[in-house]
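Trainee: Can we go through this one together? I'd like to know what stands behind each label.

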Amino acid sequence: MADVARLAGVSSQTVSRVSNGYAGVTEETRRLVLAAMKELGYRPNSAARALKRGEFRTIGVITFSLATTGNVRTLEAIATSAAGHGYAVTLLPVAVPTQDEVRGAFTRLGELAVDAVVVIMEVHLLDAATLTLPPHVPVVVVDSDAGDHYTVVDTDQAGGTRAAVRHLLDLGHDTVWHLGGPEGSFAAQRRADTWRHTLAEAGRTPPPLVRGDWSAESGYRAGLALAARPECTAVFAANDQMALGLVRALHEHGRRVPADVSVIGFDDLPEAGSFLPPLTTVHQDFAEVGRLCVEAVLRKMREGGPERGTTLVPTRLVARASTAPPPA
């Protein structure tokens, strides 16, 4: 920094102000300092900056799976929002969601120098006595029912499911079948529970639940079974990818969508409008989830203290061509 100051003919404090992007430096001085930095190959030392400020400007993200669309889009939204606040993101995937693995992940993130952590949970763990998160690290959890103990940001799973089921009932279907997600998933359970409750409120008996694993292939396999049931005229799939496989299975067995069977998904993938037919689905605002996660974790870093509770991001039904009244 002293070399840059000498070459530019300014003080070391001015070099520091330019390096850190502070105001109060004329454009001509800034140009001279940047030219000197370039000529000397000077780069600010991020480790020294971190020691001086007491923070690393980095948020760690722990996730148990990158195989699902929701997790990937949430991660993307967190990274985008963090960058907008001047923070980088360090990702640490955890292969097996156990207490030891989570503890090890926090230890590794500490070694990688992060200021706070966002955990994309997805599976049921925080409600189990075997798993706790370190109390000394600012943490925000995505997609969990652990709001009594942690700061949680989640999509309004129940509201989105209720809108999907009501949409199909309002079209005149006697009942709605459900292609659910994997058993261990919080989101899958919340959607399945709300599906049952909404049907019960309407005085309808829920049909047997059919499970998939979020993949289009599992939706196809489930669709083969549902296609053989003539009484099945409406299906709510717990995500768009399974809905895609379901539609294919119905088509192969001569069940037209939506003339014979209405199909509705959840997520509103960018490609959902290009399905054949275009898919009616529940839109999740992943960008808003990511923004709220970053804002919550930064607030915990700056203000300190325990912060509990769940913030729900609203969903909305996107009606397209895959749903219609039942066949006469």
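What follows is a talk about labels and the values behind them.

Mentor: Sure. Keep in mind that this is a predicted model.

Trainee: Noted. Let's start with helix H7, then. What makes Asp170 and Arg166 a salt bridge?

Mentor: Set the distance against the cut-off. The closest N and O atoms of Asp170 and Arg166 are 2.9 Å apart, and a salt bridge needs a side-chain nitrogen of Lys or Arg within 4 Å of a carboxyl oxygen of Asp or Glu. So the pair qualifies.

Trainee: And how far apart are Asp170 and Arg166 in terms of helical turns?

Mentor: About one turn, because they sit 4 residues apart in helix H7. That helix covers residues 157-170.

Trainee: Why is Asp170 called exposed, and why is Arg166 called partly exposed?

Mentor: Exposed means over 50% relative accessible area, and partly exposed lies between that and the 20% limit for buried. Asp170 has 57%, so it counts as exposed. Arg166 has 34%, so it ends up as partly exposed.

Trainee: What else is there to say about the position of Arg166?

Mentor: Its C-alpha atom is 9.4 Å from that of Trp195, and the two residues are 29 apart along the chain.

Trainee: How many salt bridges turn up in the whole structure?

Mentor: The search finds 11. One of them joins the side chains of Arg248 and Glu252, with 2.9 Å from N to O. Arg248 and Glu252 are both in helix H10 (residues 240-252), 4 residues apart, which is about one turn of the helix.

Trainee: Which exposure class do Arg248 and Glu252 fall into?

Mentor: Partly exposed for both: Arg248 has 44% relative accessibility and Glu252 has 43%. Those values clear the buried range, under 20%, but don't get over 50%.

Trainee: How do you know that Arg256 and Asp260 meet in a salt bridge?

Mentor: Same kind of check. The N to O distance for Arg256 and Asp260 is 3.0 Å, and the limit is 4 Å. So this one counts too.

Trainee: Are Arg256 and Asp260 buried or exposed?

Mentor: One of each. Arg256 is exposed because its relative accessibility is 52%, while Asp260 is buried because its relative accessible area is 15%.

Trainee: Which residues are linked in a network of salt bridges?

Mentor: Glu288, Arg291 and Glu295.

Trainee: Let's switch to helix packing. Why are H5 and H11 called oblique to each other?

Mentor: Look at the angle. The axes of H5 and helix H11 (residues 286-303) cross at roughly 50° and come within 7 Å. Under 35 degrees would be roughly parallel, and roughly perpendicular starts at 65. The angle is in neither range, so H5 and H11 are oblique. As for handedness, their crossing is right-handed.

Trainee: What lies on H5 that I should look at on the surface?

Mentor: Val72, which is in helix H5 (residues 69-84). Together with Leu66 and Leu91, Val72 forms a nonpolar surface patch with about 220 Å² of accessible area.

Trainee: What makes Val72 eligible for a patch?

Mentor: Patch residues need over 30% relative accessible area. Val72 has 38%, so it passes, and that value also makes it partly exposed.

Trainee: Now the backbone. Which peptide bonds are cis?

Mentor: Among them are the bond joining Val257 and Pro258, with omega about 10°, and the bond from Leu276 to Pro277, with omega near 0°. Pro258 is in the loop between H10 and strand S9 (262-264). Pro277 is in the loop between S9 and strand S10 (281-283).

Trainee: What makes the phi of Trp214 worth pointing out?

Mentor: Its phi is near 85°, a positive value in a residue other than glycine. Trp214 lies in the loop between strand S7 (210-211) and helix H9 (216-227).

Trainee: And what about the phi of Asp268?

Mentor: Also positive, about 60°, and Asp268 isn't a glycine either. You'll find Asp268 in the loop between S9 and S10.

Trainee: Last one: why are Trp214 and Asp268 called buried?

Mentor: Buried means under 20% relative accessible area. Trp214 is at 10%, so it counts as buried. Asp268 has 10%, so the verdict there is buried as well.

Definitions and conventions
Residues numbered from 1 in each chain as written. Predicted model: local features only at pLDDT ≥ 70, side-chain atom pairs only at ≥ 80, totals over all residues. Heavy atoms only, no water. Patch = residues over 30% accessible without salt bridge, like charges linked within 9 Å, V, L, I, M, F, W, Y side chains within 5 Å. Areas by Shrake-Rupley, 256 points an atom, 1.4 Å probe, with all protein chains shown as cover. Helix = DSSP H or I, 4+ residues; strand = E, 2+ residues; numbered from the N terminus. Buried < 20%, exposed > 50% of the residue type's maximum accessible area, 1.4 Å probe, protein only. Axes fitted to C-alpha atoms, helices over the stretch in contact; angles between N-to-C directions. Parallel < 35°, antiparallel > 145°, perpendicular 65-115°, else oblique. Left-handed = near helix turned anticlockwise from the far one by under 90°.
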